[in-house]
Amino acid sequence: MKVTRREFVKGGVTAFTVGFAAPAFLSDLAIAQGASSRNLVVLYLQGGNDALSTLVPYTDNFYYSRRPTIAVPAGAVIQIGRDSAGNSLGLHPRLTGLKQMFDAGSLAIVQRSGYSNSSRSHFQGTDIWSTANPASSVGPGWLGRYLDTLPSPVDPLVGWCTTGVVPHTLIGREISVPAIANPAAYAFQSPNSGVEATYSRTAMTAIASHLPADQPHVSFVNSTAEAALATLDRVARVTSYKPSVTYAGDGLSQALKTVAAAMVQRIGTKVFWVQIGGFDTHATQNVNAANAGYANLMGTVSAALLAFYTDLKNQGLLQSTLLVQFSEFGRRITENGSAGTDHGAAGLMLVLGGAVRGGLYGTAASLNPAGGNPTLENNGADVTYETDFRSVYARIIDGWLGANSLEILGGDFRKSTLNFI
């Protein structure tokens, strides 16, 4: 009898401890069998990234009149060309790394991505992006649903969350994803040491191998423990990785270093989750100041992604890796009284990889607050979406993971012009 995690918890077992510092319910991970050589990395900018400071419409006079103190000066932006509507656009001056990837044709920037009637809520917004369903922010995540469709047996370490808590996006009905924030701490914990610790691990492995058919809850716990124990040595190999470039010491850079290590060491992981916080910039968004919070975030993201990109390129893994970045919403057009911006609507997504058709996708909004502007909403306060974020998911599911986006997303969100892969 197969027992799901939900049934296990519902059955009354509220706590179970085994002797290793591995995440609970580590079992039944999966990735597309038909695209097993491909890696997918999801990068989440937590807090609601200000798209208008990441990708600057520096020829739009209303950008400057509505942001008199926090607008990126036209002379400081890193120009990257025009979109299909002829709008001239440039990157934030700290995004020099992204400019290199863009020039190499490996970075796609999807403008005005979002959905109708943005919730403008961190929690609900994140859940909507996770479930890929604006009408319901509960239930399994879109990648969780994808993982649920894969046949058994699957590698228990085929997915990896680099944060301490598994995100909603990766939660499915049948499977669970391990949260391994620190590979060095992912080890069998025993009160003994030396040979005695080895004996303890051997004993635990033997116990976990017993899967009584007439006791499904015990069988579920044991199979989970067995799967976790089987991953310990592979995860340990990640800590010995010597990258081809120097990664910075910040959390994002180190998480991406771990991802690169897992790929190079071929431990079996194919789906990765990384994130960085701090994007709820209601203040300190003055990009002209050396200590401005947002500018520092841009510098961190740029350096981390460039190191990851270069490392993968050097290791021959760039062509088999796709990274997609999102944030739960964009931010208001007009700055607030604290040199920041408040919660808004449409934002932007980035897609990075060796197989990516780089460039600008979609069109920039006109920031003219006059009535009747179809690119704005909320009485001209917010940018309205042009590309449904699920269209990006659909392209990834169909074109990269080799699955069926109609079934996983519950509708047809394919967009022929969104051909970044």
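**Note on nonpolar cores and aromatic contacts**

1. The largest nonpolar core has 55 residues. Ile109, Leu256, Leu305 and Phe308 have the most contacts inside this core. Helix 10, spanning residues 293-314, gives the most to the core: ten residues. Keep in mind that this is a predicted model.

2. Take Leu305 as a way in. Leaving aside residues up to four places away in sequence, Leu305 touches Leu43, Leu98 and Met101. Leu305 also touches Leu256, Leu323 and Leu352.

3. There is a second core, separate from the one above, with 42 residues. Val42, Ala108, Ile175 and Ile421 are among its members.

4. Now the aromatic rings. Searching the whole structure gives eleven aromatic pairs. One of them joins Phe279 and Tyr294. Their ring centres are 6.3 Å apart, and the planes meet at 85 degrees. That makes the pair edge-to-face.

5. Where do Phe279 and Tyr294 sit in the chain? Phe279 is in the loop between strand 7 (271-276) and helix 10. Tyr294 is in helix 10. The two are 15 residues apart, and their pair links distant parts of the chain. Are Phe279 and Tyr294 buried or exposed? Both Phe279 and Tyr294 are buried.

6. One aromatic cluster is worth locating in the model. It is formed by Tyr44, Tyr115, Trp129, Trp142, Trp273, Phe326, Phe389 and Tyr393.

7. Last, a charge over a ring. Arg38 lies over the face of Trp400. The distance from Arg38 to the ring centre of Trp400 is 4.6 Å.

Methods
Residues numbered from 1 in each chain as written. Predicted model: local features only at pLDDT ≥ 70, side-chain atom pairs only at ≥ 80, totals over all residues. Heavy atoms only, no water. Core = buried A, V, L, I, M, F, W, Y, C linked by side-chain atoms within 4.5 Å. Buried < 20%, exposed > 50% of the residue type's maximum accessible area, 1.4 Å probe, protein only. Helix = DSSP H or I, 4+ residues; strand = E, 2+ residues; numbered from the N terminus. Contact = heavy atoms within 4.5 Å. Phe/Tyr/Trp six-rings, centres within 6.5 Å; stacked < 30°, edge-to-face > 60°. Lys NZ or Arg CZ within 6 Å of the ring centre and 35° of its normal.
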